[in-house]
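Trainee: Hi! Could you walk me through this structure? I'm new to this, so plain words please.

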Amino acid sequence: MDLLTFNCPICNGYETNKLDSLRIHCQKKHHLSTRKLYALLFLPEGKEPTCACGCAEPTKFLTLQKGFSEYVLGHAARVNNNWGHNLKAREKSLKKRRDEGLWSRDPWNRGKTKENDSKFAVIAEKAYGSKEFRQKRSEIMAHQWSSGILTIVTGSAHSQWKGGTSALQPLVRSHLHREWTYPKLKASGFKCAKCRSTKDLEVHHDEERFASILYKAICELGEPNESFEKKHLIAEWVTSYHIEKNVSGVVLCEGCHNGEHGSLSL
């Protein structure tokens, strides 16, 4: 410091040539922190500085002799390397990489799929499409279900419980899927019976309509109204009916299914 003597910024009645002595005086007499003392002695209007990168965050106070750090930890790189803040420097850096063939404006994998790129085909086969992968995943899932690690959670125990507001038909179909819908899909080889499509498959009730079966369940058990328990009982009744009566169903894609009964979702 160039100053040889220091006056107390609070009372002006204490003078010393040692900063440490002034610090002790201010702490004992005025309960003034070292951080605040430095600001009052050496900074304009006693204001503590903010990070020099322009983020406006306060910087770390070091000591009474050193003062405040210039940057918040890590923020010096924002200015010193110009990356992301100096547009000219950034464009220059990008241009150099492109000229050297190290960087392209287009992602390396744009437009590439397992159908048109052999590298992607190998990756997809190894990661997801191999018989070994499917077999291993099947075994893991079977173990988790049989050991009780995975369980079916319904009603208020479910994380997405909304107080029993689920619509009746979707709830019934979700119960029906494992016992009746999925076996039909599997038996068909996951292909539409008409156009052989493998996308957007559904099971069409070709003899006894779903709506008719649902109506029988409501007649048997009564209207569910807003009772989730009653909706659950109706879903179980419809599922049992499909299994016991061996209800007929044909696998169709969405387009072919709509052709069977227009806009009806049966």
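Mentor: Happy to! One term before we start: two residues are in contact when heavy atoms of theirs lie within 4.5 Å. Also keep in mind that this is a predicted model.

Trainee: Got it. Let's try that on His232: which residues is His232 in contact with, leaving aside its neighbours within four places in sequence?

Mentor: With those neighbours left aside, His232 is in contact with Thr154, Leu171 and His175. One of these partners also shows up in a polar contact: the side chains of His232 and His175 pair up at 3.3 Å.

Trainee: Where is His232 found? And is His232 buried or exposed?

Mentor: His232 is found in helix α9. Its relative accessible area is 18%, and the cut-off for buried is under 20%, so His232 counts as buried.

Trainee: Okay, zooming out. How many helices and strands does the protein chain have?

Mentor: The chain has ten helices and six strands. There are 266 residues, and buried ones make up 24% of them. The accessible surface comes to about 18800 Å², with 52% of that belonging to carbon and sulfur atoms.

Trainee: What about contacts between residues far apart in the sequence?

Mentor: Take the contacts with a separation of 6 or more: residues 24 or more positions apart account for 48% of them.

Trainee: Can we look at one helix closely? Say α8: which residues of α8 are buried?

Mentor: Good pick. The buried ones in α8 are Phe210, Ile213, Leu214, Ala217 and Ile218. Looking down the axis of α8, those residues fall within an arc of 140°, so they line one face of the helix. On the other side of α8 you'll find Tyr215, Cys219 and Glu220, which are exposed.

Trainee: What do the buried residues of α8 pack against?

Mentor: They pack against α7, residues 168–187, and α9, residues 228–244.

Trainee: How does the span of α8 compare with what's expected?

Mentor: Helix α8 covers residues 210–221, which is twelve residues, and at 1.5 Å a residue it should span 16 Å. Its end C-alpha atoms are 17 Å apart, which agrees. Following α8 comes Gly222, with a positive phi near 95°.

Trainee: Which residues touch the most other members in the largest nonpolar core?

Mentor: That core has 17 residues, and the ones touching the most other members are Leu168, Val172, Phe210, Leu214, Ile234 and Val238. The elements giving two or more residues to this core are α7, α8 and α9. There is also a second, separate core of eleven residues, with Cys8, Leu22, Leu37 and Phe68 among them.

Trainee: Why would nonpolar side chains be buried together?

Mentor: I can only give you the general pattern: in soluble globular proteins, nonpolar side chains tend to be buried together.

Trainee: Fair enough. Now α1: which residues are buried there?

Mentor: In α1 they are Leu19, Leu22, His25 and Cys26. Seen down the axis of α1, these fall within an arc of 120°, so they line one face of that helix. They pack against β1 (6–7), β2 (15–16) and α2.

Trainee: Another histidine! Tell me about His25.

Mentor: His25 sits in α1, which runs over residues 19–30. Its relative accessible area is 15%, so it is buried. Apart from its neighbours within four places in sequence, His25 is in contact with Cys8, Cys11, Tyr14 and His30. And just after α1, His31 takes a positive phi of about 55°.

Trainee: You mentioned positive phi for a glycine too. Which residue other than glycine has a phi near 60°?

Mentor: That's Glu45, with a positive phi near 60°. Glu45 is in the loop between α2 (34–42) and β3 (61–63), and at 71% relative accessibility it counts as exposed. Arg196 has a positive phi too, about 65°, although it is not a glycine. Arg196 lies in the loop between α7 and β5, and its 47% relative accessibility makes it partly exposed.

Trainee: Last one: what does the side chain of Ser146 get up to?

Mentor: A polar atom of the Ser146 side chain lies 3.0 Å from the backbone oxygen of His143. Ser146 is in helix α6, residues 131–147, and it counts as exposed at 63% relative accessibility.

Definitions and conventions
Residues numbered from 1 in each chain as written. Predicted model: local features only at pLDDT ≥ 70, side-chain atom pairs only at ≥ 80, totals over all residues. Heavy atoms only, no water. Helix = DSSP H or I, 4+ residues; strand = E, 2+ residues; numbered from the N terminus. Expected span 1.5 Å × (residues − 1). Buried < 20%, exposed > 50% of the residue type's maximum accessible area, 1.4 Å probe, protein only. Arc of directions from axis to C-beta. Areas by Shrake-Rupley, 256 points an atom, 1.4 Å probe, with all protein chains shown as cover. Polar contact = N/O pair within 3.5 Å; in protein donor to acceptor, adjacent residues only side chain to side chain. Core = buried A, V, L, I, M, F, W, Y, C linked by side-chain atoms within 4.5 Å.
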